[in-house]
Amino acid sequence: MRPILCVFSVTAALVSVHSLPGASFQSRRDGDPPFTEKFFSQVVDHFNFNSLGNATFNQRYLITDRFWKKSFGPIFFYTGNEGDIWEFALNSGFILELAAQQEALVIFAEHRYYGRSLPFGNQSFSIPEVGLLTVEQALADYALMITELKLQLAAAQSPVIVFGGSYGGMLSVYMRLKYPNIVAGALAASAPILSTAGFGDPRQFFRDVTADFERVSPACRDAVTAAFQQLREAAERQDYSHIQSELSLCQPPSSARDIHQLYGLLRNAFTLMAMLDYPYSTQFMGSLPANPVKVACDTMLGGSDLLTNLRDTAGMVYNSSGLLPCFDLYRLYVECADPTGCGLGFNSLAWDYQACTEIEMCYESNNVTDMFPPMTFTQEARQLYCSKRWGVQPRPGWLRIQFWGDDLSTASNIIFSNGDLDPWANGGVRNSLSPSLIAINISDGAHHLDLRGSNAADPESVVKARKMEAELIAAWVKMERVRFRQSH
């Protein structure tokens, strides 16, 4: 799950200038978001007093008080997820727009073991150091950071609202469940809190990816299915040179393992386009054009050579620049414990470990309810992979026990927003559970579209969703202020 134009238009890469612990910098170029990057001295292990004592590491966060009514306005806190925190900050412009309306302080906190927040530096992904990468540790990080920063900023009266998208949205839900004394409410965008806890049909995700392409045109779905069928037949004939030529692979496949890897790489391209099917071009998790699912379908239906069309469609994800001379199967895509993709680099290691421990994603494609080759990922396969890769055994059902499963009715002040185009949507909460557990379903909305900054191409549905979210959050802030006055 990996899992966006923001309100401030930024296309240039940020310069990394912070090599010293505790260093910070303010973006200085016109048009840059008004964030200061800082580091918080965070406890390495919140739950074991003997192993590391009170050892700390530098946890990165971004902060802006540009809109804040000091010591009174609310705090909008983004619960960082599986990646560099700048990527989320630059693609969550709605939070800044809302902060301007409600005079809020904004903080984006980076998740431990991602980006620059590595508790053990380059050894963070060694065993046993990686063992402190858990949801519970991450939530404790955020709880402690919020508490300490409120003290430092004299913000005792500032209600805290947490925001998150995808896994970050899950964390926002969990923060409200576990630390309601600290967090007054949560906006959880595209948060698959049910499917990642083992609920639902393992076929749902890739069925819904397929539905996005079928929505554009049933012929598009049929073309993708037929292209994969041609690929399978060529693999059965072991016509590997033909496969290499048609799909522009750097090396010819030479085994069933290589073909499986190729299937995964291609399926992952369609997955990303379905997730990121925004009505304008984006640079989030890669470079994609506006309405990438439609563009992909036009490509798949653009000629009679289906394998060439398949190559060009995958190239939208893997070769958007057009500079790659060929596709390297094992460099562009890494198979892991998340069938929807872990990404690349250190961040992919962290997410793979989480998918091997607490986060359940035993999703499968079957070529019956979806357009992809049959690729199963059972609990047994997960156990074998995770034992070999990380020396761990997953704990199926743990998230249900720890974070309430599907029995959320006694919680309060949570918005569950989902876009109908998002294949993660049906793994989350689609129906309101109470007057304060509100589900907002966004027609023509892709993965956490509502967290992105306003854009002229936005569908009316997301404009209305953001308005409703703003009103609910304003009401929560008002209620929390009343509660604070009554208790003090």
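**Notebook: strand E7, Asp422 and some backbone oddities**

I started at strand E7, where the bridge partner of Val162 is Ala186. Val162 belongs to the neighbouring strand E6, residues 160-165, and 5 bridges join E6 to E7. The two strands run parallel. I then traced the connection: the chain leaves E6, passes through helix H4 (residues 167-178) and arrives at E7. This β-α-β crossover is right-handed. I note here that I am working with a predicted model.

Next I looked at the other pairing of E7. E7 and E8 pair over 4 bridges, again in the parallel sense. I found Ala188 opposite Phe416 in E8.

Is E7 covered or open? I find E7 mostly covered, with 5 of its 5 residues (185-189) buried. I also sorted them by direction. Gly185, Leu187 and Ala189 point one way. Ala186 and Ala188 point the other way. I expected such a split, because side chains in a regular strand alternate between the two faces of the sheet.

I moved on to Asp422. I located Asp422 in the loop between strand E8 (414-419) and strand E9 (437-442). Which side chain of opposite charge is nearest to Asp422? It is Arg430, 8.4 Å away. A salt bridge needs a distance within 4 Å, so Asp422 has none, although Asp422 is buried. I did find a polar contact of 2.7 Å between the side chains of Asp422 and His447. I listed what else Asp422 touches, leaving out residues up to four places away in sequence: Ser190, Met275, Gly445, Ala446 and His448, besides His447.

His448 caught my eye for its backbone. Its phi is near 35°, a positive value in a residue other than glycine. I placed His448 in the loop between E9 and helix H15 (460-487). Buried or exposed? His448 is buried, because its relative accessible area is 7%, and the cut-off for buried is under 20%.

I checked Ser71 as well. Phi of Ser71 is near 65°, also positive in a residue other than glycine. Ser71 sits in the loop between strand E3 (56-64) and strand E4 (75-79). Its relative accessibility is 30%, so I logged Ser71 as partly exposed.

My last entry is a peptide bond. Where is the cis bond I looked up? It joins Ile127 and Pro128, with omega about 15°. I placed Pro128 in the loop between strand E5 (105-109) and helix H3 (135-152).

Key: Residues are numbered from 1 along each chain as its sequence is written. This is a predicted model: local features need pLDDT of at least 70, side-chain atom pairs count only at pLDDT 80 or more; totals for chains, interfaces and linings use all residues. Side-chain values use heavy atoms; hydrogens and water are left out. Buried means under 20% relative accessible area, exposed over 50%, partly exposed in between (1.4 Å probe, protein chains only). Lys and Arg count as positive and Asp and Glu as negative; His and the chain ends are not counted. A polar contact is a pair of N or O atoms within 3.5 Å; within protein, one must be able to donate a hydrogen and the other to accept it, and residues adjacent in sequence count only if both atoms are side-chain atoms. Contact means heavy atoms within 4.5 Å. Two strands pair if DSSP finds at least two bridges between them. A crossover is right-handed if, with the strands pointing away from the viewer, the path from the first strand over the helix to the second runs clockwise.
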